[in-house]
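Please look over the sequence and the structure shown here before reading the report.

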Amino acid sequence: MEKSISGLSALISAAFLYSATAHASGDHPDIIKQVTDRGLKVVSSFKAIDGMTGYVFDSKGAPVTIYVTRDGEHAFVGTLIDKNGANLSADKVQELFIDAKNQQAWNRLEDSHWIQDGDPNAETVVYAFVDPNCPYCHRFRAATLPWLNAGKVQIRHILVGVLAHDSVAKASTILGSKKPHGALIKNFETFRSGGIVPVHDVSERGKAAVEANNRLMSELGISATPGIYYKDGNGNVNMRLGLPPESELKKIMNP
């Protein structure tokens, strides 16, 4: 049988059945190579029902689940459900893709250019991508002050410049300052009147760090500020975009 596969857009948009000759290709059946040749990356595999093998792929930062039949002759993409409508794919996507991806991100955040806010000995650590011109970042920090002032939480602000023409200059001035935390607080305190005023020489010192943070933000697929990473009560890393509602904020601050 000649190996065949539909276009990538059709592959990831519906439960599309296709077939291929089943020959081993490394650790995966040959049919999986048909998918990886089109740009998807295998993240992990798992045993599924009826002798099938499930594969979780990374498609430009989004998870795609594909199931290969026992004989390796056919595969389909989509969500596997049982007779009661329960999603049998969700837990594997969460475990193998989302949780793993967030943990990898956490490790990278630790090595990014951040400013310590709050007690450095606080057990609860929160990372936040923040732009000096972001009103929601301003509101986020204001909402977290009770926990910061109580010494229960430390927020590590990762300064980026993505929102306005002077965002990079402002973020660079903050990171390039001799006292970055003081400059950060000054920006928050003067936010309603325009925030910190960029200083060229100081900005030049901090520009490379901001550009590195911008790249990290892009590589992690963070599309809005604040981009918040935190650990829940089980130690799993979670990510949320934008200003959390009060109920969610309490869970972030009190894992």
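This report on a predicted model covers a group of paired strands and then some aromatic rings.

## Strand β6 and its neighbours

Strand β6 covers residues 62-68, and 5 of its 7 residues are buried, so the rest of the structure largely encloses this strand.

Strand β5 (residues 53-59) pairs with β6 in the antiparallel sense, over 7 bridges. One of the bridge partners in β6 is Val64, which is matched with Phe57. The hairpin of β5 and β6 has 2 residues between the strands, and Lys60 there takes a positive phi near 55°.

Strand β7 (residues 74-77) also runs antiparallel to β6, joined to it by 3 bridges. Here Tyr67 has Phe76 in β7 as its bridge partner. The hairpin that β6 and β7 form has 5 residues between the strands, and Gly72 in the turn has a positive phi of about 75°.

## Aromatic rings

The structure holds 5 aromatic pairs. In one of them, the ring centres of Tyr55 and Phe57 are 6.3 Å apart and the planes lie at 40°, so the pair is tilted. Tyr55 and Phe57 are both buried.

The rings of Trp114 and Tyr127 also have centres 6.3 Å apart, but their planes are at 80°, so this pair is edge-to-face. Because Trp114 lies in strand β8 (residues 114-118) and Tyr127 in strand β9 (residues 124-130), the pair ties together parts that are 13 residues apart in sequence. Trp114 counts as partly exposed, at 25% relative accessibility, whereas Tyr127 counts as buried, at 1%.

One aromatic cluster is formed by Phe46, Tyr67 and Phe76. Tyr67 and Phe76 are also the bridge partners named above.

Key. Residues are numbered from 1 along each chain as its sequence is written. This is a predicted model: local features need pLDDT of at least 70, side-chain atom pairs count only at pLDDT 80 or more; totals for chains, interfaces and linings use all residues. Side-chain values use heavy atoms; hydrogens and water are left out. Buried means under 20% relative accessible area, exposed over 50%, partly exposed in between (1.4 Å probe, protein chains only). Helices (H or I, at least four residues) and strands (E, at least two) are DSSP runs, numbered from the N terminus. Two strands pair if DSSP finds at least two bridges between them. Rings of Phe, Tyr and Trp (its six-membered ring) pair if their centres lie within 6.5 Å; planes under 30 degrees apart count as stacked, over 60 as edge-to-face and the rest as tilted.
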